[in-house]
Amino acid sequence: MSRPAIRPHRSGRWTMKMSHTNWTSILGWSVAVFASMWIAFCTSVGPIYRADSSIRTFGLSNALIFAGTWCVCMAVIWLFVRMSQPTSRARYQLSGVKKASKLAGKLAEKMPKKLGTRIVRLTDRWWKIAALLFAVWGVQFILVPSIFAADLMSQYAEMTRWIASLNGSYVSYADNFNVVDVYPIAHYMWPDTPTYLTNQHNVVLTFLYGGTLVLSQRFTGSIDLGLVTLSFGQMLFAVLTVSFTLSRFFAYARPLRVYNHRNQRNYRASGAWRAFILLFFVLNPQVLFSTTALTKSPLFAFAFLWWFGQWYEIFNRRDRTHIPRTLIAGIALSTAFMLISAKYATYIVAVQILLIFVYDRRRWRAHLVALVLPFIIFQGALNIAVNSGAIISGDSIESRGIQIQQIARVMREDPESVSASVRAQLRPIFNLYAMGAAYNPDDADRVKSSGGDGKVETYKWETVTADDMARFNRAWLSLGRSHPVTYIDAFLAKVYGYFDVFDPPYVATSYYLDNSRISNASLLQYWMPSVRSTEYAAASFVGGLPVLGWITHGNFYVVMCILLGCAVILLRRWGDVMRYVPLVLLIGVMMMAPANNFERHMLPLAFCAWLMLLQFVHDGRAAWGRERIARVM
């Protein structure tokens, strides 16, 4: 009599399990389909917006590009998933290709094994990796001692004026054109008492960079020594952060000092993987030029890589109840570096705080010290400084790049169609006809009047008020309802390059290698200028090569991270999804940046992409190994 009662219970549990599995699979493939569609769509409209045309011209050739790119993306995701499934035959089919050639088999068994063993021995400790990186990057530092651009000079100008004010030399805001007008920051945001420090480039970094240059100018009569000192310090920081992170990933988050058993020592990345990843960090222009580039984003990228690697170890530790103090201190320090190097780091850290307390509540004390404490100290000090008038906060116009691009495109294409009410709301903020004339589909800086004295005034930063800005969103929405296609054009033209591997960078990392600011440096302009020109030409040549050049550009790694993330969701590796959340947030930051396909904003994803692929492949092999053991048992 009891058996009929048990059967429905078992059947119900089985049905519920199958239903949950089906819904999860449907959700995962839906994410993969839509992500592939977005990448394919951005790729297909690339030719349209590179010609400064409109989505209205979308034709058969664009549709074919869309279909082809979508199929490729879905195929890559499918291959990632199938290769990671223990029951998949794809692994056996692909492994059979290796055995097709006897010669290839001999080479794979003999030479690479000896070479791979040597590579593993040379990279089995972080200090060995650091020595290799320092040897190569040190040569680059000697050849190109410093890389910088206009932002650093603005930070230097801020510190110069601020120090002069401490000595009693106050200059009224209205007396002349100053650095705050360069950004610009609206005058209604300036405190009544003149101050010359802003949070435009993060005030802590301004103190560090600008203060070093001021000291260099005072004691040597030139800022060049300060530039070289800062670049050398950043190179050392890059050596340490990259070596720490590579060591963690090469050992799959199982350090030898903890897991020193013979079987665990074999549990590590192969020599081929190590050589490939090291070559990327040594030779790729995105990394090589970033080691000494004082442009904020490289410093954030290296700090993020360090932060990312430490979370990787925490998520993969066997001990789920304890985090070593060294890791807690490392995360706190890397979090602080992220916060002082880029303003958008606050959003990434804030989201990580929310997620980590949901995902890993048991170790909340460690997370409180590692994440929450640096965040509260930094944000609290910053808010006090802004509210007290000690520094000027950044202008909100910086985060409205897409919106002002959309308005400017309307003013370029159909200015007479703008209603009188919308004009009345926007006129106090912008010179509307100047917006249309200054509009560049790839760059919002021109529309928001960024630049030096003598620029075309489009954003009326000197006269705009807080009440005027409060009406901005209403006017923007009203204009968008009557010009939806133009708004779509402006949005796509602003962001498509981040997802189109065929699109050349609007501003490459090599741009900072040889620019007008360096040419005006008193001493550095004479230090091996031919080397800068040669490296710039070589990076441009390699980056322009079909397919091969993709690996030197950031949008390739953006696409790579998206496809890997889709595969992780399909494989239901929910712990790994936590590692992709900061990368997704960074993609959002890139889209909100002032320019399209701006490579320095993609550096964190480029630094992490191959490491994520390494871990992904390792997880697939581990699952395959567990399946084989289960069959034997």
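**Two helices in a helical chain**

In helix α7, the buried residues are Leu152, Met153, Ser154, Gln155, Tyr156, Glu158, Met159 and Ser165. This helix belongs to a predicted model, and it offers a convenient place to begin reading the structure. What lies over these buried residues? The cover includes four other helices: α8 (179–182), α9 (203–220), α10 (224–250) and α24 (516–519).

The length of α7 can be checked by simple reasoning. The helix runs over residues 150–166, which is 17 residues, and at 1.5 Å a residue it should span 24 Å. The expected span counts one less than the number of residues, because that is how it is defined. The end C-alpha atoms of α7 are 25 Å apart, so the model agrees with the expectation. After the helix comes Gly168, which has a positive phi near 95°.

Helix α26, residues 554–570, may be read in a similar way. It has 17 residues, and the distance from its first C-alpha to its last is 25 Å, close to the expected 24 Å. Is α26 mostly covered or mostly open? Of its 17 residues, 15 are buried, and the helix is thus mostly covered. Just after α26, Arg572 adopts a positive phi of about 60°.

The whole chain may now be considered. It contains 28 helices and zero strands. Of its 633 residues, 52% are buried. Among contacts with a separation of 6 or more, 80% join residues that are 24 or more positions apart in the chain. The accessible surface comes to about 29,800 Å², and carbon and sulfur atoms account for 65% of that area.

Conventions: Residues are numbered from 1 along each chain as its sequence is written. This is a predicted model: local features need pLDDT of at least 70, side-chain atom pairs count only at pLDDT 80 or more; totals for chains, interfaces and linings use all residues. Side-chain values use heavy atoms; hydrogens and water are left out. Helices (H or I, at least four residues) and strands (E, at least two) are DSSP runs, numbered from the N terminus. Buried means under 20% relative accessible area, exposed over 50%, partly exposed in between (1.4 Å probe, protein chains only). Contact means heavy atoms within 4.5 Å. Accessible areas come from the Shrake-Rupley method with a 1.4 Å probe; for residues, only the protein chains shown count as cover.
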